[in-house]
Amino acid sequence: MTDFSISEDLLQAENAARKMALDEDYAALTRALSRRGIDGDALTRSIMAFGVAIPTWGVGTGGTRFARFPGPGEPRHLFDKLEDCATIHHLVRATPTVSPHFPWDATSDYAALREVAAKHGLAFDAVNSNTFQDQPNQEHSYKFGSLSHVEPAARAQAIAHNIDCIAIGRQLGSKALTVWIADGSNFAGQSNMTLALDRYLDSMREICAALPADWRVFLEHKLYEPAFYSSVISDWGTSFAAAQELGPKAQCLVDLGHHAPNVNIEQIVARLVRFGKLGGFHFNDSKYGDDDLDTGSVEPFRLFLVFNELIDARMRGADGFAPAYMLDQSHNVTDPIESLMQSAIELQRAYAQALIVDRPALAEAQAANDALGAHLELKRAYTTDVSPILAMARLRAGGAIAPIETYRASGYRKHKAKERPPVARTSAGIV
Ligand code: LRH
Ligand code: MN
């Protein structure tokens with residue numbers, strides 16, 4: 001029995017039932033946009049070209065340190081995860097790449113894995129290393145750090161792991177390595193914060209030296225957790241200075257949940273673009289800490305403001321501007337496939353809204369210190385309901401007008417619950 005997948009027939013039937021309403025809404029929106037001098041079809045083509053990577057660790061149910069409540073039909077291994085990623089891309093047509101995490105996604109044959117992914121119409125984005133957990137029979141523990149550990153042997157082990165991830169990534173066709181370390185301290189005095197950074201930089205130099213010519217390494221900063229007094233790479237400033245010191249292949253990755261409350265993340269993005277060090281994003285949303293909630297579910301205006309800076313940069317032709325877009329979320333109470341589909345759509349929405357900002361009018365208002373006028377130019381774009389254009393982009397790209405409704409109508413999860421016997425796994429933890 002072949003594994004269940006959503007049929008074209010069901011997709012066509014679901015689309016057919018919604019096509020007339022979409023055509024009406026689309027016509028009305030493109031008429032309204034053309035009055036603003038905006039070509040709706042061109043905007044739809046831009047949305048069709050937008051892509052974000054799915055994190056493999058996001059397709060299974062996530063959890064916290066307290067507990068994880070697996071759902072039915074959980075992916076058992078990377079091949080199940082790829083099947084779910086393919087289902088997401090089939091319906092939203094905006095997630096053509098997958099970002100794997102090692103050793104969580106370790107397998108015996110990476111060339112075969114690449115082929116399986118290609119059969120699903122998927123490719124691999126940045127690979128993520130993991131020196132924040134100890135693996136069975138690991139010689140040196142990462143309890144007190146990894147790339148910045150006081151013991152050279154522990155650092156060497158962490159460096160070797162990152163170099164292994166590069167080797168795996170090369171077989172998968174990836175072009176970047178994301179390095180997030182949990183290194184830090186819980187007590188004042190526990191760590192010499194300067195020497196810790198120096199040890200990190202020495203380790204990263206060895207990792208950078210192992211990068212192929214056309215690769216980048218993304219440094220992911222995080223204010224706190226699991227370290228609760230100091231984190232070695234705690235903020236964009238440290239990450240930027242480290243990337244400067246490490247050379248052109250080193251860039252900064254902005255995980256939206258890794259900042260103190262109320263930090264102006266869109267300004268951090270603008271700064272990293274200005275200095276040519278914006279490597280990419282881990283998109284998610286948060287209300288308090290690194291909550292890893294669904295993108296656009298808490299602060300959609302902030303997400304729009306981030307894309308407003310990205311479009312401004314692109315329009316200005318900023319040097320070396322090629323940010324990698326990836327999701328990084330933990331789906332503790334929803335069907336991960338539904339959350340990832342909706343999150344990709346919220347990214348497309350912020351992108352579309354940023355593309356319809358009247359930039360000459362904005363620049364004019366800024367030059368005239370017309371504070372409200374300038375703000376209202378952004379609000380005008382943000383309050384434009386671009387949903388018909390997002391749906392038309394999906395339809396024209398062979399996807400679903402209504403992905404979540406179509407997914408639910410397919411009974412995909414029920415089928416997977418039958419195909420994938422539940423796997424007993426430890427309860428707590430994010431994966
Ligand atoms: C750290 C982080 C990092 C991943 C992990 C799953 O909080 O954002 O990007 O490696 O989550
Ligand atoms: Mn992240």
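Helices here are DSSP runs of H or I with at least four residues, numbered from the N terminus. With that in hand, start the tour at a helix end: select Gly398, just after α13, and you will find a positive phi of about 90 degrees. Keep in mind throughout that this is a predicted model.

**Stop 1: helix α13**

Step back from Gly398 and select residues 387-396, which make up helix α13. Eight of its ten residues are buried, so the rest of the structure largely encloses this helix. To see them, pick Pro388, Ile389, Leu390, Ala391, Met392, Ala393, Arg394 and Leu395. Now bring up the cover: the elements lying over those buried residues include α1, α2 (40-48), α3 (78-92), α10 and α14 (403-410). Several of these names come back later in the tour.

**Stop 2: the whole chain**

Zoom out. The protein chain carries 15 helices and eleven strands. Its radius of gyration is 22 Å, close to the 22 Å from the globule rule for 431 residues, so the chain is as compact as a globular protein of that length. Along the principal axes, the C-alpha atoms fill a box of roughly 65 × 65 × 40 Å.

Colour by accessibility and you should see that buried residues make up 55% of the 431. If you draw contacts with a sequence separation of 6 or more, 80% of them come from residues 24 or more positions apart. Switch on the surface: about 19000 Å² is exposed, with carbon and sulfur atoms supplying 55% of it. For charge, there are 42 positive and 52 negative side chains, and the centres of the two sets lie 2 Å apart.

**Stop 3: charged pairs**

Side chains of opposite charge can pair when their charged atoms come close. In this model the count comes to 22 salt bridges. Three are worth a click.

Begin in helix α1, residues 8-35, with Asp23 and Lys19. Their closest N and O atoms are 2.7 Å apart. The two residues sit four apart in the helix, so about one helical turn separates them. Asp23 is partly exposed at 31% relative accessibility, and Lys19 is partly exposed too, at 33%.

Next, select Asp335 and Arg413, a salt bridge with its closest N and O atoms 2.8 Å apart. This pair ties together distant parts of the chain: Asp335 is in the loop between β11 (324-327) and α10 (336-355), while Arg413 belongs to helix α15 (residues 412-419), 78 residues away. Asp335 is buried, with a relative accessible area of 16%, and Arg413 counts as buried at 13%.

Stay in α15 for Lys416 and Glu419, which lie three residues apart, about one turn of the helix. Their salt bridge has closest N and O atoms 2.7 Å apart, and both residues are buried. Which residues do shared salt-bridge partners join into one network with these two? Add Arg76, Asp80, Glu83, Asp84 and Arg420 to your selection, and the network is complete.

**Stop 4: two buried polar residues**

Go to helix α10 and select Gln353. This residue is buried, with a relative accessible area of 5%. Leaving out residues up to four places away in sequence, Gln353 touches Phe304, Ala381, Tyr382, Thr384 and Val386.

Then jump to Ser174, in the loop between α5 (152-172) and β5 (176-179). Buried or exposed? At 1% relative accessibility, Ser174 counts as buried. With the same sequence neighbours left out, Ser174 touches Phe124, Asp125, Val127, Gly169 and Trp215. Draw a C-alpha to C-alpha distance from Ser174 to Ala123 as well: 8.1 Å in space, for residues 51 apart in sequence.

**Stop 5: backbone oddities**

Most residues other than glycine have a negative phi, and most peptide bonds are trans. Here are some places to look for exceptions.

Select Phe102 and Pro103: the peptide bond between them is cis, with omega near 15 degrees. Pro103 sits in the loop between β2 (97-99) and α4 (110-119). For a positive phi, try Arg93, at about 55 degrees although not a glycine. Arg93 is in the loop between α3 and β2 and is partly exposed at 27% relative accessibility.

Finish in the loop between β7 and β8, where Glu225 lies. Glu225 has a positive phi of about 75 degrees and is partly exposed, with a relative accessible area of 33%. The bond joining Glu225 to Pro226 is cis, with omega about 5 degrees.

Notes: Residues are numbered from 1 along each chain as its sequence is written. Chains are lettered from A and ligands numbered from 1 in the order in which they are written. This is a predicted model: local features need pLDDT of at least 70, side-chain atom pairs count only at pLDDT 80 or more; totals for chains, interfaces and linings use all residues. Side-chain values use heavy atoms; hydrogens and water are left out. A salt bridge is a side-chain nitrogen of Lys or Arg within 4 Å of a carboxyl oxygen of Asp or Glu. Buried means under 20% relative accessible area, exposed over 50%, partly exposed in between (1.4 Å probe, protein chains only). The radius of gyration is taken over C-alpha atoms; the globule rule is 2.2 Å times the number of residues to the power 0.38. Contact means heavy atoms within 4.5 Å. Accessible areas come from the Shrake-Rupley method with a 1.4 Å probe; for residues, only the protein chains shown count as cover. Lys and Arg count as positive and Asp and Glu as negative; His and the chain ends are not counted. The place of a charge is taken as NZ of Lys, CZ of Arg, CG of Asp or CD of Glu.
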